[in-house]
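Me: Please take a close look at a single part of this structure, and describe it carefully in one connected answer. I would like to see what surrounds that part and how each term is to be read.

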Amino acid sequence: MPLKLTYFNIYGRSEPIRMMLTKAGAEWEDERLEFAEWPAIKPTKPHGCLPVITLDDGYEISMELPCFNYVANTYGFQPTNPLDQYKGQMLYECIMNDMVLIKLIPTIQKNLKDPESEEVKELAESVWAPACVHLVRELPKDKKFIAGDKMTVHDYTIGCNLLGCFRNPNAAHKDMWNAWEKASMPPRVVTYINDLEAELKEYLDTRNAEKPSPF
């Protein structure tokens, strides 16, 4: 059987995997669970978490970073330079895990009915601005992406998560994301997201028409 990716019917932590598999032209199954199904399925999955990649021999790889790296190493998205591997991993931990996924998105979800709340506004200064500083520090000035002019796993795990917020027409509070982009996104980050959007246009056009939750 083809490789199977199991995750919820949202973008979330599996969207970078879906993007890489699609870009690689891999044969794979996109198994999307509803949240109501998860309690019954959770005990059957290794470590009780998603995403899970099931290989053709039935072996299951779980948790996001092992899944990211398996796909990257299998389909040619891993940088060959060890320093580029380190830089991307560092950015993911710093920006996505410590800032965006842990602090930014949960707070926005909590304030769905009040996107102009003080708590949301404070995020722009305390979380988003520092994230931009870290990203600009590591983005090369003369190349498109984190490790050169070719997208690597790090652009999928970091850049495409930001792309999913700032350029997704179905994003929750898209007006807020647009305002943040205009007010506080450095030009280098804008260029980076523009390049990602152009590189993934075919995928994004299809995804945006489906209108799932961005998170």
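Reply: A residue is called buried under 20% relative accessible area, exposed over 50%, and partly exposed in between, with a 1.4 Å probe and protein chains only. This is a predicted model, in which local features need pLDDT of at least 70 and side-chain atom pairs count only at pLDDT 80 or more, whereas totals for chains, interfaces and linings use all residues. Residues are numbered from 1 along each chain as its sequence is written, and side-chain values use heavy atoms, with hydrogens and water left out.

The part chosen here is helix α1, residues 15–24 (helices, H or I of at least four residues, and strands, E of at least two, are DSSP runs numbered from the N terminus). Because seven of its ten residues are buried, α1 is largely enclosed by the rest of the structure. The buried residues are Glu-15, Pro-16, Ile-17, Arg-18, Met-19, Met-20 and Leu-21. Directly after the helix comes Gly-25, with a positive phi near 70°.

One neighbour of α1 is helix α3, residues 64–75, which packs against it at an angle of about 10° with the axes 10 Å apart (axes are lines fitted to C-alpha atoms, for helices over the stretch in contact, and angles run from 0 to 180 degrees between N-to-C directions). The two helices are therefore roughly parallel to each other (under 35 degrees is roughly parallel, over 145 roughly antiparallel, 65 to 115 roughly perpendicular, the rest oblique). From α1, the residues Pro-16, Ile-17, Met-20, Leu-21 and Ala-24 meet Cys-67, Phe-68, Val-71, Ala-72 and Tyr-75 of α3, a contact being heavy atoms within 4.5 Å. By class, the contact of α1 with α3 has ten nonpolar residues, no polar ones and no charged ones (Ala, Val, Leu, Ile, Met, Phe, Trp, Tyr, Cys and Pro count as nonpolar, Asp, Glu, Lys and Arg as charged, the others, Gly among them, as polar).

Just ahead of α3, in the loop between β4 (60–62) and that helix, is Met-63, which has a positive phi of about 80° although it is not a glycine. Met-63 is partly exposed, with a relative accessible area of 43%.

Helix α6, residues 153–166, also packs against α1, here at an angle of about 130° and with the axes 9 Å apart, and the pair is therefore oblique. On the α1 side this contact is made by Pro-16, Met-19, Met-20 and Lys-23, and on the α6 side by Val-153, Tyr-156, Thr-157, Cys-160 and Asn-161. By class, the contact of α1 with α6 has six nonpolar, two polar and one charged residues. Pro-16 and Met-20 are named in the contact with α3 and again in the contact with α6.

Following Met-20 back along the chain, Thr-6 is 14 residues away in sequence and 15 Å away in space, C-alpha to C-alpha. Thr-6 lies in strand β1, residues 3–8, and counts as buried at 1% relative accessibility. Leaving aside residues up to four places away in sequence, Thr-6 touches Glu-31, Leu-33, Lys-45, Leu-50, Pro-51 and Val-52. Among these, Leu-50 and Pro-51 are joined by a cis peptide bond, with omega near 10°, and Pro-51 is found in the loop between α2 (38–41) and β3 (52–54). His-47 has its place in the loop between α2 and β3 too; at 67% relative accessibility, His-47 counts as exposed, and its phi is positive, about 65°, although it is not a glycine.
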